[in-house]
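Hi,

Here is the structure I promised to pass on. Have a look at it first, and my notes on the ligand site follow underneath.

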Amino acid sequence: MNFPIKISPSILSADFGNLRYNALEAEKNGGCAIHIDIMDGHYVHNFSFGVNIVPALKKHVGIPIVTHLEIDNPDVFIGDFAHAGSDMIVVQEDTCPHLPYTINSIKKAGVRAGIGINPDRGFEKLAANPEVLLKIDLLIVMAVYPGYGGQPFSPVTVPKIRKACIMREETRASFDIGVDGAVNNDTAPDIVKAGANYLIAGSSVFTADIAASMKKLRSSAAAALAI
Ligand code: DX5
Ligand code: ZN
């Protein structure tokens with residue numbers, strides 16, 4: 001199966017005073033989806049946006065809205081985020097005591113589903129619930145611990161991407177493999193060479209020149225694959 005490179009700008013690093021403009025720039029320059037990190041000050045030591053951010057941005061952009069729930073008890077909020085217009089809901093695997101139940105609730109709400117795996121977590125829960133892999137659209141290998149933009153790239157990421165590719169092949173699943181955190185011109189080549197195709201990028205994209213930054217990120221990823 002061919003998995004084309006996709007770039008999803010993460011608005012955590014956008015200019016919050018100009019969110020609409022920043023989101024539109026991301027769309028105009030080929031962003032596949034707007035990535036919104038939802039933080040509760042509990043699962044992560046930070047707050048970001050509430051549910052209302054979803055309709056606020058959705059009325060301006062045409063690309064899908066992905067809400068990345070970096071919160072405890074995501075099950076409680078799936079209905080709210082689905083109703084608000086999320087096109088995909090990503091949960092962190094370690095916040096889901098019963099992952100199949102959570103993924104089923106997302107799908108039942110008519111929304112695409114994704115799973116994020118932290119740097120210190122393995123794929124055991126996924127391996128134990130292979131049916132989940134056939135239902136999700138995106139598996140995110142977190143290259144940083146959730147909470148902040150601009151953190152360094154964890155060295156565990158590349159081998160984990162390779163493992164995720166093997167798991168996808170063995171289960172005949174078709175989800176995108178994504179990386180979230182520290183995706184930039186230096187890390188993107190190794191990320192895509194290892195087999196990930198879905199790049200979630202915050203601080204490397206929301207610079208003073210969003211168009212140029214997205215172009216550069218796309219070409220560093222594409223160049224690595226062309227070699
Ligand atoms: C971290 C978030 C990321 C964040 C990435 O909690 O999940 O989406 O925006 O930021 P950068 O790309 O700056 O590492
Ligand atoms: Zn994220």
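Which residues lie nearest the centre of the largest pocket? They are Y148, G149, D180, G181 and A182, out of 25 residues that line the pocket. A quick word on the basis: this is a predicted model, where local features need pLDDT of at least 70, side-chain atom pairs count only at pLDDT 80 or more, and totals for chains, interfaces and linings use all residues. Residues are numbered from 1 along each chain as its sequence is written, chains are lettered from A and ligands numbered from 1 in the order written, and side-chain values use heavy atoms, with hydrogens and water left out.

A pocket here is an open set of points on a 1 Å grid over the protein atoms alone, where a 1.4 Å probe fits, with protein on both sides within 12 Å along at least five of seven lines; lining residues have an atom within 4 Å of a point. The largest one has a volume of about 230 Å³ (the space filled by probe spheres set on the points). Its lining divides into 11 nonpolar, 11 polar (Gly among them) and three charged residues.

That pocket is the space taken by ligand 1 (more than half of its atoms lie within 2 Å of the grid points). Around ligand 1 there are 20 residues (a heavy atom within 4 Å), with S10, E70, D180, A182 and S203 the closest. Strand β2 (a DSSP run of E, at least two residues) gives the most to this shell, with three residues.

Now the polar contacts (N or O pairs within 3.5 Å). The side chain of D37 has an N or O atom 2.8 Å from an oxygen atom of ligand 1. For G147, a backbone N or O atom lies 2.8 Å from a ligand 1 oxygen.

Cheers

Key: A polar contact is a pair of N or O atoms within 3.5 Å; within protein, one must be able to donate a hydrogen and the other to accept it, and residues adjacent in sequence count only if both atoms are side-chain atoms. Helices (H or I, at least four residues) and strands (E, at least two) are DSSP runs, numbered from the N terminus.
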